[in-house]
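Open the structure in your viewer and keep the selection panel handy. We will go from stop to stop, each time with something to select and something to look for.

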Amino acid sequence: MWKIRLGAAALILAAGLIAAFVYNSETKPSSALGRFPFVLGLDLKGGAHLVYRADTTKLAAGDVASSMESLRGVIERRVNLFGVSEPLVQVERSGLLTGSPEERLIVELPGVTDIDKAIKMIGATPELEFKLLKQGISLDTLADPEVLKSAFEETGLTGRLLERTTLEFDSTSGEPLVALQFNDEGKALFAKITRENTGRTLAIFLDGAAISTPVIRESIPNGQAQIFGQFTPEEARTLVRDLNYGALPVPIELVSTQTIGASLGDEATARSVYAGLIGFALIAAFLLLWYRLPGFLAIIALIFYVCLNLALFKLIPVTLTAAGLAAFILSIGMAVDANILIFERMKEELRNGSLLNDAVREGFARAWLSIRDSNLSSIITAAILFWMGGTPIIKGFALVFVIGVLVSMFTAITVTRTLLFSLGLGLRKNEGAVRFLFGNGFSNK
C-alpha cells in the first residue's frame with residue numbers, strides 16, 4: 001500500500017513541477033526556462049499570410065512534386081533571411097473536389113507587418129556567389145559567426161555566370177560528383193581565379209549561406225569544373241538543385257495576401273483562455289457534485305492533464321493557433337470521458353457487494369476496452385484529418401487533439417487509478433461514509 005501512496009505523492013509532485021515549468025517559462029523569458037515559450041501561430045501573433053499559385057503546366061506529372069518541394073526550399077531559404085521567428089512555408093494542392101487542381105505555396109510570416117517588403121524579398125532572385133577563403137583562416141574556425149563574416153573575399157564570380165550544373169559519377173570510383181559549366185564570361189574569370197589561387201578554398205554561397213567549400217586543385221581554363229566531396233547521391237543531387245537556384249524551379253503568381261493584426265490575435269488568445277477556464281470550472285463542478293470523492297480525484301487528474309498538455313506544447317513545440325486552442329479546450333471535456341466510464345463500472349461493482357479496492361480494479365478492467373476503442377477511433381480520425389487537412393489550421397487542430405487524447409488516456413488510467421488505490425479503503429459500499437462518497441447523482445447507490 002505504501003508504494004501506491006508513494007506513487008500518488010510522486011504524481012502530485014510531478015504535477016506541481018510541470019505547472020512550475022509552464023508558469024516560469026512563460027513569465028520569466030530571460031531565465032533558462034524562457035527558451036520554451038508558447039509558439040503562437042499567425043492568427044494569434046499577427047503577421048502576413050501570402051498565397052502563391054504555381055504554374056506547373058510545363059512540367060511532367062512525375063516532376064511536379066519534386067519541383068514544388070524545390071520551390072518550397074527556395075522560398076523558405078529566403079524567408080529565413082528575414083529573421084522571422086517560426087515562419088511557415090508549405091505546398092498545398094487545392095481544387096481537387098472541383099476537378100481543377102492547382103499547386104499552391106502558402107507562406108505565413110508571424111510578426112511581419114510590412115507585407116510589401118515581404119513580397120519583394122520573397123520574389124527576389126537568389127544570389128549565388130563564389131568567394132575565396134582568406135589565407136591563414138581554417139575552415140574549422142568558421143563556426144564562429146564573427147570569423148565567418150570576414151573570412152571570405154569577393155571574386156566577382158556569381159550565379160549569373162554559371163551556365164548549368166549537373167550530377168555526374170566518377171568513371172573510376174563511381175562516386176557522385178557535381179559538374180559546373182560557366183558561360184563565356186564566367187569561363188575567363190573562373191580560369192583567372194583558379195590559376196592564381198590553386199590550393200585555396202573557393203566557397204559557394206547561396207543567399208549568403210555557404211553550401212559548399214571545395215578546394216581548387218589546379219588551374220581550370222575551359223570553364224568546366226567538378227566538385228568532389230565524398231557525397232552521397234542524395235547530397236550531390238541537393239547541391240545540384242541548390243546551384244541551379246538561379247531561377248525559381250516553378251513560376252509562381254501571388255494570388256492573395258492577408259495581414260492579421262496582433263490585436264486580433266490578443267483578443268482571440270484572451271477569449272480562448274477565458275473559455276478554457278469556464279469550461280474547466282464547469283467540468284470540475286459537475287465531477288465534484290455528481291461523482292463526489294472519485295470526481296474530486298478526477299479533478300486532480302484533470303489538472304495534471306492540463307499542465308502536462310501545456311508543457312508538451314512548449315517542449316515539442318506545437319504552433320498554437322485559434323483552432324489549436326479550440327481543440328485543446330474541446331479535449332478538456334473529452335478528458336473526463338474515461339473517468340466517467342470507470343466510475344460507472346465501479347458503481348456497478350459496489351452494487352454487487354465488492355470491496356472498494358476490488359471495485360476500483362474491476363472498474364478499470366471493464367472500462368479499459370471501451371476507453372481504448374473510443375480513443376483509438378478518435379486518434380485515427382485526427383490522423384486522417386492531419387494527413388488530408390491541407391491547411392495549417394486543420395493540421396494544428398488535429399495535432400493538438402491527438403496530443404490531448406493520448407494525454408487523457410495516460411491521466412485517466414495512471415493518475416486517477418493511482419489516486420483511487422492510494423485511498424486504501426477496503427470497506428463495503430454500504431458502510432456509511434463510503435456509500436456517500438462513492439455514490440453519485442442524487443442517490444447514494
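In which strand is A179 found? Select A179 and you land in strand β8, which covers residues 176-182. Bear in mind throughout that this is a predicted model.

**Stop 1: around A179**

Is A179 buried or exposed? With a relative accessibility of 10%, A179 counts as buried, because the cut-off for buried is under 20%. Now show the surroundings of A179. Setting aside neighbours within four places in sequence, A179 is in contact with R164, T165, T166, E168, A225 and Q226. Add L167 to the selection as well: its C-alpha lies 6.3 Å from that of A179, with the two positions 12 residues apart in sequence numbering.

**Stop 2: strand β5 and the second core**

Move to L128, in strand β5 (residues 128-133). L128 is buried, at a relative accessible area of 6%. Draw a C-alpha to C-alpha distance from L128 to L162 and you should read 9.1 Å, for a pair 34 residues apart in sequence.

**Stop 3: the whole protein**

Zoom out and colour by secondary structure. The protein has 13 helices and 13 strands. Of its 445 residues, 42% are buried. The exposed surface comes to about 23200 Å², and carbon and sulfur atoms supply 60% of that. If you have a contact map at hand, look at the pairs at least 6 apart in sequence: 71% of those contacts join residues at least 24 apart.

**Stop 4: the largest nonpolar core**

Which residues have the most contacts inside the largest nonpolar core? Select Y305 and L420, the two that hold that place in a core of 59 residues. Then colour the helices that each supply at least two residues of this core: α1 (2-27), α8 (262-315), α9, α10, α11 (356-388) and α12 (392-422). Of these, α8 gives the most, with 18 residues.

Centre on L420 and show its partners. Beyond the residues up to four places away in sequence, L420 touches L297, F343, M346, V360, F364 and F438. A second core, separate from this one, has 21 residues, and F130, L132, V178 and F231 are included in it.

**Stop 5: along helix α8**

Stay with α8 and select N309, which is found in this helix. N309 counts as buried, at 0% relative accessibility. Leaving out residues up to four places away in sequence, N309 touches F328, I403, G404 and V407. The C-alpha atoms of N309 and F328 are 8.5 Å apart, and the two residues are 19 apart in sequence.

Next, pick R292, also in helix α8. What sign does the phi of R292 have? The phi of R292 is positive, about 55°, although R292 is not a glycine. Most residues other than glycine have a negative phi, and most peptide bonds are trans. R292 is buried too, with a relative accessible area of 14%.

Now select P317, in the loop between α8 and β13 (319-320). Check the peptide bond from I316 to P317: this bond is cis, with omega near -15°.

**Stop 6: α9 beside α10**

Show helix α9 (residues 322-335) and helix α10 (residues 337-351). Two packed helices are described by the angle between their axes and the distance between the axes. Here the axes come within 5 Å and cross at roughly 5°. The two helices, α9 and α10, are therefore roughly parallel to each other. To see where they meet, select G333, M334 and A335 in α9 with D337, A338 and N339 in α10. By class, this contact has three nonpolar, two polar and one charged residues.

**Stop 7: α11 and the start of α1**

Go to N375 in helix α11. N375 is buried, with a relative accessible area of 12%. Apart from neighbours within four places in sequence, N375 is in contact with V405, S408 and M409.

Finish at W2, in helix α1. Is W2 buried or exposed? W2 counts as exposed, at 60% relative accessibility. Add S422 for the last view: W2 and S422 are 420 residues apart along the chain, yet their C-alpha atoms are separated by 8.0 Å.

Technical notes: Residues are numbered from 1 along each chain as its sequence is written. This is a predicted model: local features need pLDDT of at least 70, side-chain atom pairs count only at pLDDT 80 or more; totals for chains, interfaces and linings use all residues. Side-chain values use heavy atoms; hydrogens and water are left out. Axes are lines fitted to C-alpha atoms, for helices over the stretch in contact, and angles run from 0 to 180 degrees between N-to-C directions. Helices (H or I, at least four residues) and strands (E, at least two) are DSSP runs, numbered from the N terminus. Angles under 35 degrees count as roughly parallel, over 145 as roughly antiparallel, 65 to 115 as roughly perpendicular and the rest as oblique. Contact means heavy atoms within 4.5 Å. Ala, Val, Leu, Ile, Met, Phe, Trp, Tyr, Cys and Pro count as nonpolar, Asp, Glu, Lys and Arg as charged, and the others, Gly among them, as polar. Buried means under 20% relative accessible area, exposed over 50%, partly exposed in between (1.4 Å probe, protein chains only). Accessible areas come from the Shrake-Rupley method with a 1.4 Å probe; for residues, only the protein chains shown count as cover. A nonpolar core is a set of buried Ala, Val, Leu, Ile, Met, Phe, Trp, Tyr and Cys residues joined through side-chain atoms within 4.5 Å.
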